[in-house]
Amino acid sequence: MNHLLSIVIFLPLAGSLLLLILPKESIRAIRGTALIVSLATFVLSLKLYFDYQPAPGFQFVETVPWIAAWNVFYKVGIDGVSLLLILLTTFTVPLAALFSFNSVTRREKEYYFFILFLEAAMIGTFAALDLFLFYIFWEAMLIPMYFLIGVWGGERKVYAALKFFIYTMIGSVLMLAAILYVYFKTGGSYDYEEWVRTLKLAPHVQIILFSAFALSFAIKVPMFPLHTWLPDAHVEAPTAGSVILAGILLKMGTYGFMRFAMPLFPDAVMAAKPLIVFLAVVGVVYGALVSMVQPDLKKLVAYSSVSHLGFVMLGLMALNSQAVEGAVYQMLNHGVSTGALFLLVGMIYDRRHTRLIEDFGGLAKTMPLYATIFLIVTFSSIGLPGTNGFVGEFLILMGSFRSDPVAATIATTGVILAAVYMLWMAQRVFFGPLTRPENRDLRDLGPREIAVLVPLVIMIFWMGLYPKPFFSKMDVSVASFIEQVKGKGTMVGSK
């Protein structure tokens, strides 16, 4: 199993190519192949988890010459942080595929092809240790998500897909220019580990390069005020597309800050820290306030992501172990909780073909199981003790209070506001009188829907009550990250 990581990366790609040779009329074979391939990828990623031993540096590293003329290597490897994000990816995609069995009924062959292609690109992005290879995977994610939104989306799907594509491309082009600058500065190397070890740049150069990287990653997070593409993309995307977009793709931004922008340009991080903290806090409060006034369930959940990811950025910028570990944990929490919320919204949309909160009311009477799971996920999203959301937010705020008490205090209001908009939404949707006749005969969750939601509910309580298996894998990697940023920043800045 020396090539285990590469197998995990390319198995979904192989599965997507297999789908192309299946007859488009063989719907059951297409669905079954997509589900089996994604489940097999998840099982193999579990072996990565159990074989990974917490230690400084990267494991499962594979280095193979690729484009000799440009000194480009196929180099992949994982640390504790990328391991957990890969696990989140391989856990989420089978659930999204299983949900889609009944909700996507046209051009299914192409749909599942793009789902598996996207999974391969996302795993590759988390594993890449060559900056050229990272950029290839980073851009490859754009293509399937563009088509998932643009072909299987809602009424304004083309507008939303183009907006998503243009926003991401603008940031990516600037990041590519920064990568090429460092490539020539280092004598022709794209090797990430070599860059971290040897790169020494003047502070003003670091600020320029960090700005290019940070813009690309901030768009993906998305940080305020670069978030405007997100609600459109979420509202128009098919449910599985929203689950993958919120659950995994947004983490590419926070992961990019943690893996590349911050360790490579530590002086720039210290210079930009007040601005990023300010934008993160604004995002926390703004996302919560805008969520509060949304009439559309899907848009409410989309804007809540701006608030939750603001917490993650606040934790990363605190640069102490509590806050950074809380930030990584919150990435996982957000993937589980918000992914579950989008699935739940998709389930009720399939029944009623509306997402407007005012069109519901009293659903707890006709759909008690659905209401119960929705409320569990709601409690997770607002960080109720005993659920996964509490652990991440508590650590972020505790670490941030040590670093910036004022910012942490303001961000705490985001927790209160989250409770307001989520519980108010739940009250309007599930309780009160059944005033609309369309809601009186709604069927409760079916076996397939229960199979999709139960793993997420299990994770909500497992991560909330017993987080040790996750923190034990990330501890050493987080400590190395903090040392890279603080140690190098101090060293370079003193020259």
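The paragraphs below walk through a predicted model, from one helix to the core and then to its aromatic rings. Residues are numbered from 1 along each chain as its sequence is written, and side-chain values use heavy atoms, with hydrogens and water left out. Local features need pLDDT of at least 70 and side-chain atom pairs count only at pLDDT 80 or more, whereas totals for chains, interfaces and linings use all residues.

A good place to start is helix 3, which covers residues 80–103 (helices are DSSP runs of H or I with at least four residues, numbered from the N terminus). Its 24 residues reach 35 Å from the first C-alpha to the last, close to the 34 Å expected at 1.5 Å a residue, where the expected span is 1.5 Å times one less than the number of residues. Of these 24 residues, 22 are buried, so helix 3 is largely enclosed by the rest of the structure; buried means under 20% relative accessible area, with a 1.4 Å probe and protein chains only. At the N-terminal end of helix 3, Asp79 acts as a cap, with a side-chain oxygen 3.2 Å from the backbone nitrogen of Val81.

From there the reader can turn to the largest nonpolar core (a set of buried Ala, Val, Leu, Ile, Met, Phe, Trp, Tyr and Cys residues joined through side-chain atoms within 4.5 Å). Among its 190 residues, Phe210, Phe213, Phe257 and Phe265 touch the most other members. Helix 11, residues 239–264, gives the most to this core, with 16 residues. Helix 11 also holds Ser242, which is buried with a relative accessible area of 0%. Leaving aside neighbours within four places in sequence, Ser242 is in contact (heavy atoms within 4.5 Å) with His234, Ala237, Gly247, Lys298 and Phe342.

The aromatic rings come next, and here two rings of Phe, Tyr or Trp (its six-membered ring) pair if their centres lie within 6.5 Å, with planes under 30 degrees apart counted as stacked, over 60 as edge-to-face and the rest as tilted. By this rule the count comes to 37 aromatic pairs. In one of them, the rings of Tyr329 and Phe470 have centres 5.8 Å apart and planes at 70°, so the pair is edge-to-face. This pair links distant parts of the chain, since Tyr329 belongs to helix 14 (residues 321–352) and Phe470 to helix 20 (residues 468–493), 141 residues apart. Tyr329 is buried at 0% relative accessible area, and Phe470 counts as buried at 9%.

Conventions: Helices (H or I, at least four residues) and strands (E, at least two) are DSSP runs, numbered from the N terminus. Buried means under 20% relative accessible area, exposed over 50%, partly exposed in between (1.4 Å probe, protein chains only). A polar contact is a pair of N or O atoms within 3.5 Å; within protein, one must be able to donate a hydrogen and the other to accept it, and residues adjacent in sequence count only if both atoms are side-chain atoms.
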